[in-house]
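Visitor: Could you walk me through this model, one question at a time?
Guide: Gladly; here it is.

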Amino acid sequence: MINASMVLCDRHFGGINYPVGGVGEIAKSLAKGLDDHGSQILYRANVTSIILDNGKAMGVKLSDGRKFYAKTVVSNATRWDTFGKLLKAENLPKEEENFQKAYVKAPSFLSIHMGVKADVLPPDTDCHHFVLEDDWTNLEKPYGSIFLSIPTVLDSSLAPEGHHILHIFTTSSIEDWEGLSRKDYEAKKELVAERIISRLEKTLFPGLKSSILFKEVGTPKTHRRYLARDSGTYGPMPRGTPKGLLGMPFNTTAIDGLYCVGDSCFPGQGVIAVAFSGVMCAHRVAADLGFEKKSDVLDSALLRLLGWLRTLA
């Protein structure tokens, strides 16, 4: 309900608000803001470990050997990557151990990005579609349901005139793609993509295949490689019956000076939820560093209360 409320209020109050130029413009705007305020952004920086000194996070080490030190470290990797790869898994804090007992990794996605001729889409085509042809039992099965977004319906500047972009995705687990030779892997990508596109052609857009000018297929292994997410996971989901989002970890961790942000923190998955997590983390770090006023008594009581709530998850 919290996630639904945020989505409805932020995206649909007064109509659908879509960033001109695509959702990538949000990241570009954030990066520009950091640049304008004197920050330096290091792209293609492959962080391999978090540096600890007497139990406190002091910086990060990159794959090329460089080290960066700071008063705080904020990890936007998943909790599994943060406390299993960037930090040694054998030193797993009790709080993170409880998290991994309460939550499992959601499956990843097979993604297809296509450029097609515009005339294959009817004039009144909507931006978002969800396809489940037969029965609800296939809803959560791999490749059972299909999600489709056509951003050029809302912003035609994203593609050359007379063309549309289709982003098609469906759930898929990394186990389905392991142990394949390069040749078999590429063949399987084409086979699965062909089946997905055939279903869309049959249910939504006749002639879709013949209109394709560009196609690129990504698997859970693609997500793991380029997004550095364990198993290419989309994020955490409750192992059992969920007991509310307040059972999710917040931005603080059991490691002094280390904060987490992203979809494995409260309030969870999705663009708006992750952005909310970022705002919360910024305020938390600013308060802890003395840039924002806080009441030590109330703050300590609140953190203890939130910690207790997490034990109920």
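**A walk through the predicted model**

Visitor: Welcome me in with a small one: which residues does Glu-96 touch, not counting residues up to four places away in sequence?
Guide: Contact here means heavy atoms within 4.5 Å. With residues up to four places away in sequence not counted, Glu-96 touches Arg-79 and Phe-83.

Visitor: What should I know about the model and its numbering?
Guide: Residues are numbered from 1 along each chain as its sequence is written, and side-chain values use heavy atoms, with hydrogens and water left out. This is a predicted model, in which local features need pLDDT of at least 70 and side-chain atom pairs count only at pLDDT 80 or more, while totals for chains, interfaces and linings use all residues.

Visitor: Is Glu-96 buried or exposed, and what is its relative accessible area?
Guide: Buried means under 20% relative accessible area, exposed over 50%, and partly exposed in between, with a 1.4 Å probe and protein chains only. Glu-96 sits in helix 4 (residues 94-102); helices (H or I, at least four residues) and strands (E, at least two) are DSSP runs numbered from the N terminus. Glu-96 is buried, and its relative accessible area is 1%.

Visitor: Which helix gives the most to the largest nonpolar core?
Guide: A nonpolar core is a set of buried Ala, Val, Leu, Ile, Met, Phe, Trp, Tyr and Cys residues joined through side-chain atoms within 4.5 Å. The largest one has 23 residues, and Leu-110, Ile-112 and Ile-196 are among those with the most contacts inside it. Strand 6 (108-117), strand 8 (146-149), strand 9 (163-172) and helix 5 (182-203) each supply at least two of its residues. The most, 6 residues, comes from helix 5.

Visitor: How many residues are in the other core?
Guide: That core lies apart from the largest one, and Ala-57, Ala-77, Leu-86 and Cys-265 are among its members. Its residues number 12.

Visitor: In the sheet of 5 strands, which strands stand at the edges?
Guide: This open sheet has antiparallel pairing and the order 7-8-9-6-10; two strands pair if DSSP finds at least two bridges between them. Each edge strand has a single partner strand, so one side is left without a neighbour in the sheet. The edges are strand 7 (128-131) and strand 10 (212-218).

Visitor: What angle does the direction of helix 5 make with that of strand 6?
Guide: Axes are lines fitted to C-alpha atoms, for helices over the stretch in contact, and angles run from 0 to 180 degrees between N-to-C directions. Within the sheet, strand 6 and strand 9 pair in the antiparallel sense over 10 bridges, with Ser-111 opposite Phe-169 in strand 9. Helix 5 packs on the sheet, touching strand 6, strand 7, strand 8, strand 9 and strand 10, and its angle with strand 6 is about 60 degrees.

Visitor: At what relative accessibility does His-167 count as partly exposed?
Guide: His-167 has its place in strand 9. Beyond residues up to four places away in sequence, the residues it touches include Ser-111, His-113 and Phe-147. His-167 counts as partly exposed because its relative accessibility is 22%.

Visitor: In the sheet of 3 strands, which residue is the bridge partner of Lys-61?
Guide: This open sheet has the order 1-2-3 with antiparallel pairing. Strand 2 (residues 56-62) and strand 3 pair over 3 bridges. In strand 3, the partner of Lys-61 is Lys-67.
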